[in-house]
Amino acid sequence: MLRHEFQPGRLVAGAFLTIAGIAYAGDAGDAWETPWFAVIPLVIGGLFLAGVTALVTRAIRRRRGTPRAPHTPPSPDAHT
């Protein structure tokens with residue numbers, strides 16, 4: 001059983017930020033030369049793709065009727 005809802009947008013964002021970190025780590029370790037401006041399009045593009053992925057996921061879940069949270073507490077007015 002899953003403990004939380006799977007969010008592919010966050011997975012995409014994390015993957016692109018990890019790749020950007022690896023690029024800078026390789027540059028810092030003298031494995032290769034990374035220009036300072038090379039990572040900016042990678043991060044911006046990754047965040048854009050993460051946003052698109054999140055929007056598509058939200059649209060699919062709304063269309064299927066999947067609830068946002070597994071349990072919602074009752075309102076305080078329900079007992080009166």
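Colleague: How should the environment of aspartate 27 be read: is this residue buried or exposed, and which side chain of opposite charge is nearest to it?

Modeller: Side chains of opposite charge can pair when their charged atoms come close. In this predicted model, aspartate 27 is buried yet takes part in no salt bridge; the nearest side chain of opposite charge belongs to arginine 10, 29 Å away. Buried means under 20% relative accessible area, exposed over 50%, and partly exposed in between, with a 1.4 Å probe and protein chains only. A salt bridge is a side-chain nitrogen of Lys or Arg within 4 Å of a carboxyl oxygen of Asp or Glu; Lys and Arg count as positive and Asp and Glu as negative, while His and the chain ends are not counted.

Colleague: What does the side chain of aspartate 27 reach?

Modeller: The side chain of aspartate 27, a residue of helix H1 (residues 8–28), reaches the backbone nitrogen of threonine 34 at 3.5 Å. Beyond its neighbours within four places in sequence, aspartate 27 is in contact (heavy atoms within 4.5 Å) with Trp32, Glu33 and Thr34.

Colleague: Where does threonine 34 lie, and which residues does it contact outside its neighbours within four places in sequence?

Modeller: Threonine 34 lies in the loop between H1 and H2 and, because its relative accessibility is 10%, counts as buried. With neighbours within four places set aside, threonine 34 is in contact with Ala23, Asp27 and Val39. Its side chain also makes a polar contact with the side chain of tryptophan 32, at 3.0 Å.

Colleague: In that loop, what is notable about the phi of aspartate 30?

Modeller: Most residues other than glycine have a negative phi. Aspartate 30 has a phi near 60°, a positive value in a residue other than glycine. Aspartate 30 is found in the loop between H1 and helix H2 (39–64), and its relative accessible area of 70% is why it is classed as exposed.

Colleague: How many salt bridges does the structure hold?

Modeller: The structure holds 1 salt bridge. It joins the side chains of glutamate 5 and arginine 61, at 2.9 Å from N to O. Glutamate 5 lies in the segment before H1 and arginine 61 in helix H2, so the pair ties together parts that are 56 residues apart in sequence. Glutamate 5 is partly exposed, with a relative accessible area of 35%, and arginine 61, at 23%, is also partly exposed.

Colleague: Which residues form the nonpolar patch on the surface?

Modeller: The patch consists of Tyr24, Trp36, Phe37, Ile40 and Ile44, with about 600 Å² of accessible area together. Tyrosine 24 is in helix H1 and is partly exposed at 40% relative accessible area. Tryptophan 36 lies in the loop between H1 and H2 and counts as exposed at 63%. These two residues are 12 apart in sequence and 8.8 Å apart in space, C-alpha to C-alpha.

Colleague: What do the totals for the chain show, starting with how many of its residues count as buried?

Modeller: Of the 80 residues, 15% count as buried. The chain exposes about 6900 Å², of which carbon and sulfur atoms supply 67%. Among contacts with a separation of 6 or more, 56% involve residues 24 or more positions apart.

Colleague: On what basis are these values given?

Modeller: Residues are numbered from 1 along each chain as its sequence is written, and side-chain values use heavy atoms, with hydrogens and water left out. As this is a predicted model, local features need pLDDT of at least 70 and side-chain atom pairs count only at pLDDT 80 or more, whereas totals for chains, interfaces and linings use all residues.

Technical notes:
Helices (H or I, at least four residues) and strands (E, at least two) are DSSP runs, numbered from the N terminus. A polar contact is a pair of N or O atoms within 3.5 Å; within protein, one must be able to donate a hydrogen and the other to accept it, and residues adjacent in sequence count only if both atoms are side-chain atoms. Accessible areas come from the Shrake-Rupley method with a 1.4 Å probe; for residues, only the protein chains shown count as cover. Patches are made of residues with over 30% relative accessible area and no salt bridge: like charges are joined within 9 Å, nonpolar side chains (Val, Leu, Ile, Met, Phe, Trp, Tyr) within 5 Å.
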